[in-house]
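Subject: Structure handover

Hello,

Here is the structure for you to take over. Please look at it first; notes on what was found follow below.

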Amino acid sequence: MKILVLGGYGNFGARICRALATDEDIELMIGGRDLRRASSLAQSLGGSSRGVRIDVQAGDLVECLRSLGAGLVIHTAGPFQNQDYRVPHAVAASGAHYIDLADGRRFVCDFPAALDAAFRSAGRTAIAGASTVPALSSAVVDDLTEGWRSIWSIDTCIAPAQGAPRGEATLAGVLAYCGEPVQVWHRGEWTGRPGWAHPTTVRFARMKPRRGALCDIPDLELFPARYAGVQSVMFRAALEVSLAQHAFAFMAFMRRVGLLRAPQKLAPLLHSAGGVLDALGTALGGMVVRVEGMDARGAAARRAWHIAADGNHGPEIPCMAAILLARRLARGDALPIGAHACAGLLTLPEFEPEFARWGMVTDMIDEGARGHGTPAP
């Protein structure tokens with residue numbers, strides 16, 4: 001299968017290209033506006049990889065995709081928070097399958113309604129959010145709660161290593177909602193809470209506790225619909241260096257009082273300054289998903305899944321779902337036709353060989369139960 005990776009030499013795109021380049025079922029095309037960078041990466045990967053120049057903003061995008069003959073397009077060129085659907089529409093018109101790494105809440109949650117008809121008409125699959133959220137997070141919740149009678153709360157926190165490579169586009173995406181009201185499902189109703197404000201302590205199996213703050217991601221909206229009866233869903237990010245976490249909380253405050261209108265405009269400055277803090281951090285990052293509910297026996301239960309990624313390998317995690325799904329398509333395995341958010345399309349065991357490849361360690365822990373009616377704050 002011919003696979004085109006848009007943004008293929010970027011922070012995440014390059015990781016996906018490295019993983020797919022050695023697959024004998026895949027003819028890899030590394031796409032971007034800079035042909036020199038795309039070709040340089042392709043040359044380093046060898047095999048059938050090649051660089052191609054492609055501009056997703058160009059008016060002839062459909063014709064360009066058709067001329068390349070891509071069977072699958074993987075869209076990694078974020079941020080997705082303010083993107084429209086012109087790229088997936090063009091992919092559908094070209095007759096290819098589509099996968100992206102989007103973590104923008106509206107982009108992912110509105111994706112099926114906006115794109116399903118186009119991809120069903122083309123007889124192709126389109127998947128948004130093939131990344132840490134909601135692809136991996138939903139796989140973890142499904143595994144933790146298998147056989148349970150009900151789920152009361154889902155609480156997730158991602159904790160990147162300070163030393164891990166950072167993308168300016170990713171930073172701009174998360175700053176876009178810093179201090180803005182985020183709709184959160186809490187105690188069975190929607191309530192607004194400011195993004196990145198009021199950090200609270202989160203505990204991990206193999207890392208020191210960190211302070212985590214609310215992030216606006218698709219899970220906050222997808223999970224209340226996916227897991228019937230769940231009363232509370234929370235997602236936080238916990239930066240390793242407390243000074244950085246406090247800086248985000250301060251920017252959230254400044255935006256709420258009207259003194260900082262567009263925090264995302266600070267992304268280039270903060271991206272450059274982030275390296276100054278690297279000496280205060282480590283190469284260890286991770287993630288935890290905690291669930292509470294009623295298990296198969298009818299008893300109150302609280303379980304947690306942890307992952308620790310050392311060696312600054314944490315950024316490999318957001319790429320794994322797209323890699324796994326691309327390999328499925330390249331093998332000729334069927335995926336559901338139409339447009340879908342990437343929740344429930346992969347199982348946790350499918351991720352485990354990828355975790356092992358990067359030396360990541362996972363823990364599944366029964367933490368006891370606090371009892372119904374006391375969901376996570």
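To start with one loop, Arg-187 sits between strand E8 (181-186) and strand E9 (189-194). Arg-187 is not a glycine, yet its phi is positive, at about 55°. Please keep in mind throughout that this is a predicted model.

A second residue of this kind is Trp-196, in the loop that runs from E9 to strand E10 (200-202). Its phi is about 65°, again positive without the residue being a glycine. For background, most residues other than glycine have a negative phi, and most peptide bonds are trans.

On the peptide bonds, there are two cis cases to report. One joins Gly-78 and Pro-79, with omega at about 0°. Pro-79 belongs to the loop between E4 and helix H4 (86-94). Another cis bond joins Val-133 and Pro-134, where omega is about -5°. Pro-134 is part of helix H7.

Next, the sheets.

The parallel sheet is open and has seven strands, in the order E3-E2-E1-E4-E5-E6-E15. Strand E3 (50-53) and strand E15 (338-341) are at its edges; each has a single partner strand, so one side of each has no neighbour in the sheet. On average, and ignoring direction, neighbouring strands here are turned by 20° against each other. Within this sheet, strand E1 (residues 2-6) pairs with strand E4 (residues 72-75) in the parallel sense, over four bridges. One residue to look at is Ile-3, whose bridge partner in E4 is Leu-72.

Two helices can be placed on this sheet. Helix H1 (residues 13-20) packs on it and touches E1, strand E2 (27-32) and E4, with a direction at about 160° to that of E1. Helix H12 (residues 317-331) lies across E1, E4, strand E5 (97-100) and strand E6 (125-128), and runs at about 165° to E5.

The mixed sheet is also open and made of seven strands, ordered E10-E11-E12-E7-E13-E14-E16. Its edge strands are E10 and strand E16 (361-366), each pairing on one side only. Here the average turn between neighbouring strands is 25°, direction ignored. Strand E7 (residues 150-159) pairs with strand E12 (residues 232-237) in the parallel sense over six bridges. In that pair, Thr-156 has Phe-235 of E12 as its bridge partner. H7, the helix that holds Pro-134, lies across E7, E12, strand E13 (285-294), strand E14 (300-309) and E16, at about 45° to E13.

Now the contacts between helices. Two packed helices are described by the angle between their axes and the distance between the axes.

Helix H7 (residues 132-144) and helix H13 (residues 348-357) have axes that come within 9 Å and cross at roughly 120°. That crossing makes H7 oblique to H13. From H7, the contact uses Ala-135, Leu-136, Ala-139, Val-140 and Asp-143; from H13, it uses Leu-348, Pro-349, Phe-351 and Phe-355.

In the other pair, helix H8 (residues 168-175) packs with H10 at an angle of about 45°, the axes being 12 Å apart. H8 and H10 are therefore oblique to each other. Leu-171, Val-174 and Leu-175 of H8 meet Phe-248, Met-251 and Arg-255 of H10.

H13 also takes part in a salt bridge. Glu-354 pairs with Arg-327, and their closest N and O atoms are 3.0 Å apart. Glu-354 is in helix H13 and Arg-327 in helix H12, so this pair ties together parts that are 27 residues apart in sequence. The count of salt bridges comes to 19.

Last, the region around H10. Phe-250 is located in helix H10 (residues 242-256). Together with Phe-253, Val-257 and Leu-259, Phe-250 forms a nonpolar patch on the surface, with about 420 Å² of accessible area in total. Met-254 lies in H10 as well. Which residues does Met-254 contact, leaving aside its neighbours within four places in sequence? They are Leu-259 and Leu-260. Met-254 and Ala-228 are 26 residues apart in sequence, and their C-alpha atoms are 37 Å apart in space.

Regards

How values were computed
Residues are numbered from 1 along each chain as its sequence is written. This is a predicted model: local features need pLDDT of at least 70, side-chain atom pairs count only at pLDDT 80 or more; totals for chains, interfaces and linings use all residues. Side-chain values use heavy atoms; hydrogens and water are left out. Two strands pair if DSSP finds at least two bridges between them. Axes are lines fitted to C-alpha atoms, for helices over the stretch in contact, and angles run from 0 to 180 degrees between N-to-C directions. Contact means heavy atoms within 4.5 Å. Patches are made of residues with over 30% relative accessible area and no salt bridge: like charges are joined within 9 Å, nonpolar side chains (Val, Leu, Ile, Met, Phe, Trp, Tyr) within 5 Å. Accessible areas come from the Shrake-Rupley method with a 1.4 Å probe; for residues, only the protein chains shown count as cover. A salt bridge is a side-chain nitrogen of Lys or Arg within 4 Å of a carboxyl oxygen of Asp or Glu. Angles under 35 degrees count as roughly parallel, over 145 as roughly antiparallel, 65 to 115 as roughly perpendicular and the rest as oblique.
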